[in-house]
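User: Hey, got a minute to go through a model with me? I'd like to start with the strands and then hop around a bit.

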Amino acid sequence: MSLRTVSLFSLSMLLSGAALSHEYKAGDIAIAHPHARATVPGQPAAAAYIGLDNAGKAGDKLVGASSPVAKSVEIHTMSMDNNVMRMREVKAIELAPGAKISMKPGDGYHLMLLGLTKELKAGDKFPMTLVFEKFGPLEVSVSVDAPKPKAEAAAAMPAEHDHQH
Ligand SMILES: [Cu+2]
């Protein structure tokens, strides 16, 4: 083994170690960094975000999700329509071979946690089960990040008010 091989080897060990800390696999589909933003007391809903990367040769579909912290979890997509941000439910996210989806606030897909049964506090983790059409269910751990900035909150949740009396 040359020195170069050795250092490349240890680098890849490091990288895979880091990825393992918060990445999951559903067959050939990698699920990266499930996270949600912290909520305020009484907030009825929140969005969760994951990365999806299908490195395999077969397609699959994300067809649903559930979590003990919410009455239901819907797959939503967000888009601009005449300068108005609109959110709608979709039945599935198509994951063809090579598909890469990176969910982020304010654009594209997110997982909507509806009827929150508890406050999501920054630093907490909660379980969420993702259901794939072929692979089946996969439980991931969602980490809760600090609350979103107000401007972004307004953009992400046009129908919600900020109750801070
Ligand atoms: Cu939504």
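User: Which residue stands opposite Asp 145 in E11?

Analyst: That's Arg 37. Keep in mind that this is a predicted model.

User: Fine. How do E2 and E11 run, parallel or antiparallel?

Analyst: Parallel, with 3 bridges joining E2 to E11.

User: What else does E2 pair with?

Analyst: E1, residues 23-26, pairs with E2 in the antiparallel sense over 4 bridges, and Lys 25 in that pair stands opposite Ala 30. E2 is also joined to E3 by 6 bridges, and those two run antiparallel. There, Ile 31 has Leu 52 in E3 as its bridge partner.

User: And what's in the turn between E1 and E2?

Analyst: E1 and E2 make a hairpin with 2 residues between them, and Gly 27 in that turn has a positive phi of about 65°.

User: Back to Arg 37 for a second. Which residue is 110 residues away in sequence but 5.4 Å away in space?

Analyst: Pro 147, going C-alpha to C-alpha. Pro 147 sits in the loop between E11 and helix H2, which covers 150-156. Leaving out residues up to four places away in sequence, Pro 147 touches Arg 37, Ala 38 and Ala 122.

User: Is Pro 147 buried or exposed?

Analyst: In between: Pro 147 has 16 other C-beta atoms within 10 Å, so it counts as partly exposed. Buried would take 20 or more.

User: Let's zoom out. How many helices and strands does the chain have?

Analyst: 2 helices and 11 strands. Along the sequence the pattern is α-β-β-β-β-β-β-β-β-β-β-β-α.

User: What share of the residues is buried?

Analyst: 22% of the 165 residues in the chain. As for contacts with a separation of 6 or more, 70% of them come from residues 24 or more positions apart.

User: So what's in the largest nonpolar core?

Analyst: It has 28 residues, and the ones touching the most other members are Ala 36, Ala 48, Leu 111, Leu 113 and Met 128. E2, E3, E4, E5, E9, E10 and E11 each supply at least two residues of this core. E3 gives the most, with 6 residues.

User: Pick Leu 111. What does Leu 111 touch?

Analyst: Ala 47, Ala 48, Ala 65, Val 73 and Ile 75, again not counting residues up to four places away in sequence.

User: Now E5. Which strands does E5 pair with?

Analyst: E9 is one of them, antiparallel over 8 bridges. E6 is another: 7 bridges join E5 to E6, and they run antiparallel too. Thr 77 is a handy landmark, with Tyr 109 as its bridge partner in E9 and Arg 88 as its bridge partner in E6.

User: How many residues are between E5 and E6 in their hairpin?

Analyst: 2, and Asn 82 in the turn has a positive phi of about 50°. Asn 83, in the loop between E5 and E6, has a positive phi as well, about 70°.

User: Why bring up phi at all?

Analyst: Because most residues other than glycine have a negative phi. His 33 also goes the other way, with a positive phi of about 40°, and His 33 is found in strand E2.

User: How do His 33 and Asn 83 compare on exposure?

Analyst: His 33 is partly exposed, with 17 other C-beta atoms within 10 Å. Asn 83 has 5 C-beta neighbours inside 10 Å, so it counts as exposed.

User: What about E10 and E11?

Analyst: They pair in the antiparallel sense over 8 bridges, and a hairpin joins them through 3 residues. Phe 132 stands opposite Gly 136 in E11.

User: Last one. What's the average pLDDT for the chain?

Analyst: The average is 84, and 76% of the residues score at least 70. Residues 16-20 are below 50, and that stretch has 0 contacts in the model beyond near neighbours in sequence.

User: Where else does pLDDT stay under 50?

Analyst: Over residues 158-165, for which the model has 2 contacts beyond four places in sequence.

Notes:
Residues are numbered from 1 along each chain as its sequence is written. This is a predicted model: local features need pLDDT of at least 70, side-chain atom pairs count only at pLDDT 80 or more; totals for chains, interfaces and linings use all residues. A nonpolar core is a set of buried Ala, Val, Leu, Ile, Met, Phe, Trp, Tyr and Cys residues joined through C-beta atoms within 7 Å. A residue is buried if 20 or more other C-beta atoms lie within 10 Å of its own, exposed if 12 or fewer, and partly exposed in between; C-beta atoms are placed from the backbone. Two residues are in contact if their C-beta atoms, placed from the backbone, lie within 7 Å. Two strands pair if DSSP finds at least two bridges between them. pLDDT is the predictor's confidence in each residue, from 0 to 100.
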